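Please work through the exercises below with the sequence and the coordinates open beside you. Each task is followed by a solution that goes step by step.

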Amino acid sequence: MSFSNELMAYAILIGFATYVIISADPGSSPFSWHPTFMVLAWVLLTVGVIFFRKPRPGWTRIGLHWALQASGLTLAIFGFLAIYRNKESSGKPHFVSWHGLIGIITITFLVLTAFGGNFANFSVAISRKVPSIQPKLVKRGHRLSGAVSLTGLTLTVFLALFSVWFQAVTNVTLWYMLATVVGYPLVYTLKTTFF
Ligand code: HEM
């Protein structure tokens with residue numbers, strides 16, 4: 001995979017996120033924080049995986065990955081709280097759309113993956129005291145749950161395109177363009193990192 005494919009992934013992440021944030025107008029309503037925090041989480045969590053495969057000194061690689069995933073997860077939790085509270089105050093039912101359902105499953109996976117990542121990071125040290133722990137297996141498990149989380153995240157962003165809010169802020173041409181490109185960063189990341 002060439003450098004231009006990587007640039008394309010960044011361009012799509014940044015372009016898509018910028019469009020969503022401008023459309024959401026952060027602070028204009030309690031809802032506006034949901035798309036704002038969530039697209040930023042999508043960008044950070046994806047970039048944090050792309051960066052991880054780069055040859056860097058061990059601590060830089062892990063430190064950068066940790067910082068990006070921790071910030072992305074924090075944003076995702078705030079984004080979730082924003083929509084949850086918004087629905088509570090308007091008396092609407094929770095998790096009734098595919099977006100909301102896959103979204104909450106993804107957030108659960110993200111949290112579990114974060115625990116798994118910390119476990120993987122210390123797995124060599126832990127295995128010295130608990131020999132039944134196999135660091136290789138723990139790391140493989142973290143990679144797999146990371147791939148599932150990232151797929152869920154991108155799928156949730158894709159499903160957001162079908163929400164009443166998204167359809168109201170965009171026009172048909174742009175909607176099809178966004179729907180076409182939104183999966184590219186995921187495909188690029190999976191192809192270069194996992195396969
Ligand atoms: C482009 C970014 C996003 C936009 C524009 C957006 C928009 C929306 C809208 C309009 C709703 C209310 C309608 C519904 O329930 O379907 C909603 C709910 C929800 N969203 Fe998002 N969303 C985005 C990203 C995400 C992401 C990345 C996640 C999680 C990984 C997520 C998780 C949820 C959840 C869990 C609900 C349901 C909350 C509840 O029912 O209490 N969203 N979103």
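The exercises that follow concern a predicted model, and they go from the ligand shell to helix packing, the nonpolar core and single residues.

**Exercise 1. The shell around the ligand**

Task: Establish how many residues surround the ligand, which helices supply them, and how the shell divides by class.

Solution. Step one is to count the shell: 27 residues surround the ligand, and the closest are Met38, Ser97, Gly100, Gly103 and Ala160.

Step two is to assign the shell to elements. At least two residues each come from helix 2 (33-52), helix 3 (58-89), helix 4 (98-121), helix 6 (135-160) and helix 7 (164-169). Of the elements involved, helix 4 gives the most, with six residues.

Step three is to sort the shell by class, which yields 17 nonpolar residues, nine polar ones and one that is charged.

**Exercise 2. Helix 4 against helix 6**

Task: Describe how helix 4 and helix 6 pack, stating whether they are roughly parallel or roughly antiparallel, and then give the make-up of their contact.

Solution. Two packed helices are described by the angle between their axes and by the distance between those axes. For helix 4 and helix 6 the angle is about 155°, and the axes are 8 Å apart. Because angles over 145 degrees count as roughly antiparallel, helix 4 is roughly antiparallel to helix 6. The crossing of helix 4 past helix 6 is left-handed. The residues of this contact comprise 14 nonpolar, 13 polar and one charged.

A pair of residues from the two helices can then be examined. Leu101 lies in helix 4, while Thr156 belongs to helix 6, and although 55 residues separate Leu101 from Thr156 in sequence, their C-alpha atoms are 8.8 Å apart in space. Leu101 has 14 C-beta neighbours inside 10 Å and so counts as partly exposed, whereas Thr156 is buried, with 22 other C-beta atoms within 10 Å.

**Exercise 3. Helix 2 against helix 9**

Task: Decide whether helix 2 and helix 9 run roughly parallel or roughly antiparallel, and state the hand of their crossing.

Solution. The axes of helix 2 and helix 9 come within 10 Å and cross at roughly 25°. Since angles under 35 degrees count as roughly parallel, helix 2 is roughly parallel to helix 9. Helix 2 passes helix 9 in a left-handed crossing.

**Exercise 4. The largest nonpolar core**

Task: Find the number of residues in the largest nonpolar core, the elements that build it, and the element with the largest share.

Solution. The largest nonpolar core holds 31 residues, and those with the most contacts inside it are Val39, Ala41 and Trp42. Two or more residues of this core come from each of helix 1 (3-24), helix 2, helix 3, helix 4, helix 6 and helix 9 (184-193). The largest share is that of helix 2, which contributes 11 residues.

**Exercise 5. Positive phi outside glycine**

Task: For Asp25 and for Phe95, state the value of phi, locate the residue, and judge its exposure.

Solution. Begin with Asp25, whose phi is near 50°, a positive value in a residue other than glycine. Asp25 is placed in the loop between helix 1 and helix 2. Its surroundings contain 12 other C-beta atoms within 10 Å, and because a residue with 12 or fewer counts as exposed, Asp25 is exposed.

Turn next to Phe95, which is not a glycine and yet has a positive phi of about 55°. Phe95 lies in the loop between helix 3 and helix 4, and with 14 other C-beta atoms within 10 Å it is partly exposed.

**Exercise 6. Pairs separated along the chain**

Task: Compute from the C-alpha positions how far Ile12 is from Val181 and Asn121 from His142, and describe the setting of Ile12 and of Asn121.

Solution. Ile12 and Val181 are 169 residues apart in sequence, and their C-alpha atoms are 7.0 Å apart in space. Ile12 lies in helix 1. A residue needs 20 or more other C-beta atoms within 10 Å to be buried, and Ile12, with 20, is therefore buried.

In the second pair, Asn121 and His142 are 21 residues apart along the chain, and 9.9 Å separates their C-alpha atoms. Asn121 is in helix 4, and with 17 C-beta neighbours inside 10 Å it counts as partly exposed.

Methods
Residues are numbered from 1 along each chain as its sequence is written. This is a predicted model: local features need pLDDT of at least 70, side-chain atom pairs count only at pLDDT 80 or more; totals for chains, interfaces and linings use all residues. A residue is near a molecule or strand if its C-beta atom, placed from the backbone, lies within 6 Å of it. Helices (H or I, at least four residues) and strands (E, at least two) are DSSP runs, numbered from the N terminus. Ala, Val, Leu, Ile, Met, Phe, Trp, Tyr, Cys and Pro count as nonpolar, Asp, Glu, Lys and Arg as charged, and the others, Gly among them, as polar. Axes are lines fitted to C-alpha atoms, for helices over the stretch in contact, and angles run from 0 to 180 degrees between N-to-C directions. Angles under 35 degrees count as roughly parallel, over 145 as roughly antiparallel, 65 to 115 as roughly perpendicular and the rest as oblique. A crossing is left-handed if the near helix is turned anticlockwise from the far one by less than a right angle, and right-handed if clockwise. A nonpolar core is a set of buried Ala, Val, Leu, Ile, Met, Phe, Trp, Tyr and Cys residues joined through C-beta atoms within 7 Å.
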